[in-house]
Amino acid sequence: AEQQRAQFTAQVHNFMDVCWDKCVDKPGSKLDSRTEGCLASCVERFIDTTLSITNRFAQIVQKGGH
Amino acid sequence: AEQQRAQFTAQVHNFMDVCWDKCVDKPGSKLDSRTEGCLASCVERFIDTTLSITNRFAQIVQKGGH
Amino acid sequence: AEQQRAQFTAQVHNFMDVCWDKCVDKPGSKLDSRTEGCLASCVERFIDTTLSITNRFAQIVQKGGH
Amino acid sequence: AQELLQRMTDKCFRKCIGKPGSSLDNSEQKCIAMCMDRYMDAWNTVSRAYNSRLQ
Amino acid sequence: AQELLQRMTDKCFRKCIGKPGSSLDNSEQKCIAMCMDRYMDAWNTVSRAYNSRLQ
Amino acid sequence: AQELLQRMTDKCFRKCIGKPGSSLDNSEQKCIAMCMDRYMDAWNTVSRAYNSRLQ
């Protein structure tokens, strides 16, 4: 569980690195709903991208390489 | 002392990563005084920022969280 | 040999980090010959730069420092 | 929290400090405080989104 | 291949996704597939160039 | 000094080489030599500033 939490945190740092730059322009007095939506979508789409790339990669490897 | 020197060096690498991009545009035939001043201020302000964020974070944690 | 392969791979990751951004703009339906040439030159010039900096650094150190 | 503080400092310094001057001026200090609060809000939003995807 | 997949995902996400929407749309999906194929081509080109320099 | 050389190479390559050509031309070579010297000057300035802040 300890290790799982460390992995979770490492992933959140990773998402923050990409999604902060993509979604937050000038930090304002609160996180507006558009920015919140952007951050949540950014996490979702990043995971989609990871799955899509991992699947395609597995297919290529199975077919016996590039 | 060995470990302290390694930490010092790691911090200097870290400052260089931020401050080189902020202060040095086209490298010239010598480091002009404006660039030198910018680099020194960059280190000072980065440390100020670190202290300011660390203090604020400690206050938030003490008050029982965000 | 195991360790040598790991070092080779680490270097390729490092080259990719610099050269992908320098040479690939919009990924197209194939890697055109201009992009291929750019990538190969990018690796060559990066190695030249490394050697040039390492030699100059060694000279400065020998002369007894900056 | 060490890593969080370091990354937050790095992102907020880059966002809030243009050309570093002889001290943090008032608007830079405000920007840093807001940036830090928004970074922690964003961290919570991102954690929640990731967590709900893992369920 | 773990590291390769992570770096590829990072580079292709940054190149292909502008403002993240409610799902990966068609053009984003195509862009990601192409980006991945080109990343692997580029990886091979870079490896070959590095290898021939080492000889 | 390994890490210093690597970071210096990375920063100076990015600053001095636009589109990589078939060899390092004269102006690229000059730029790299100057960039390296300025990087080391900057390293010294930054170390001094950090050191005096620690006192």
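A salt bridge is a side-chain nitrogen of Lys or Arg within 4 Å of a carboxyl oxygen of Asp or Glu. The model is predicted: local features need pLDDT of at least 70, side-chain atom pairs count only at pLDDT 80 or more, and totals for chains, interfaces and linings use all residues. Residues are numbered from 1 along each chain as its sequence is written, chains are lettered from A in the order in which they are written, and side-chain values use heavy atoms, with hydrogens and water left out.

**Exercise 1. Characterise the salt bridge between Asp37(F) and Arg56(C).**

Solution.
Step 1. The side chains of Asp37(F) and Arg56(C) meet at an N to O distance of 2.7 Å.
Step 2. Asp37(F) belongs to helix H2 of chain F and Arg56(C) to helix H2 of chain C, so the salt bridge joins two chains. Helices here are DSSP runs (H or I, at least four residues), numbered from the N terminus.
Step 3. Accessibility is classed as buried under 20% relative accessible area, exposed over 50% and partly exposed in between (1.4 Å probe, protein chains only). Asp37(F) is therefore buried at 15%, whereas Arg56(C) is partly exposed at 29%.

**Exercise 2. Compare a salt bridge between chains, Arg53(F) with Glu44(B), with one inside a helix, Arg7(E) with Glu3(E).**

Solution.
Step 1. Over all chains the structure holds 30 salt bridges. In one of them Arg53(F) meets Glu44(B) at 2.5 Å, N to O. This pair crosses from helix H2 of chain F to helix H2 (residues 33-62) of chain B.
Step 2. Arg53(F) has 27% relative accessibility and counts as partly exposed; Glu44(B), at 23%, is also partly exposed.
Step 3. For Arg7(E) and Glu3(E), the closest N and O atoms are 2.7 Å apart. Both residues lie in helix H1 (residues 2-16) of chain E, four residues apart, about one turn of the helix.
Step 4. Arg7(E) is partly exposed at 30%, and Glu3(E) is partly exposed at 41%.
Step 5. Elsewhere, salt bridges with shared partners join Asp17(A), Asp21(A), Lys11(D), Asp10(E) and Arg14(E) into one network.

**Exercise 3. Describe the interface of chain D and chain A, starting from its contacts.**

Solution.
Step 1. With contact taken as heavy atoms within 4.5 Å, 20 residues of chain D meet 26 residues of chain A.
Step 2. Buried area is the accessible area (1.4 Å probe) that two parts lose on being put together, summed over both. Here the value is about 2400 Å², and carbon and sulfur atoms give 71% of this area. Lys15(D), Tyr50(D) and Arg53(D) supply 29% of the area that chain D buries against chain A, more than any other three residues.
Step 3. Four salt bridges are counted between the two chains. Arg53(D) forms a salt bridge with Asp48(A), with the closest N and O atoms 2.6 Å apart.
Step 4. Helix H1 (2-16) and helix H2 (26-54) of chain D each supply at least two residues of the side that touches chain A. H2(D) gives the most, with 15 residues.

**Exercise 4. Describe the interface of chain A and chain E by buried area and salt bridges.**

Solution.
Step 1. The contact involves 19 residues from chain A and 24 residues from chain E.
Step 2. The buried area is about 2100 Å², of which carbon and sulfur atoms give 69%.
Step 3. Two salt bridges are found across this interface. Asp17(A) and Arg14(E) meet in a salt bridge at 3.6 Å, N to O.
Step 4. On the side of chain A that touches chain E, helix H1 (2-23) and helix H2 (33-62) of chain A each give two or more residues. The largest share, 14 residues, comes from H2(A).

**Exercise 5. Classify the ring pair of Phe15(C) and Tyr50(E).**

Solution.
Step 1. Rings of Phe, Tyr and Trp (its six-membered ring) pair if their centres lie within 6.5 Å; planes under 30 degrees apart are stacked, over 60 edge-to-face and the rest tilted. The structure holds 15 aromatic pairs over all chains.
Step 2. The centres of Phe15(C) and Tyr50(E) are 5.1 Å apart and the planes stand at 80°, so the pair is edge-to-face.
Step 3. The pair runs from helix H1 (residues 2-23) of chain C to helix H2 (residues 26-54) of chain E.
Step 4. Phe15(C) is buried at 2% relative accessible area, and Tyr50(E) is buried at 12%.
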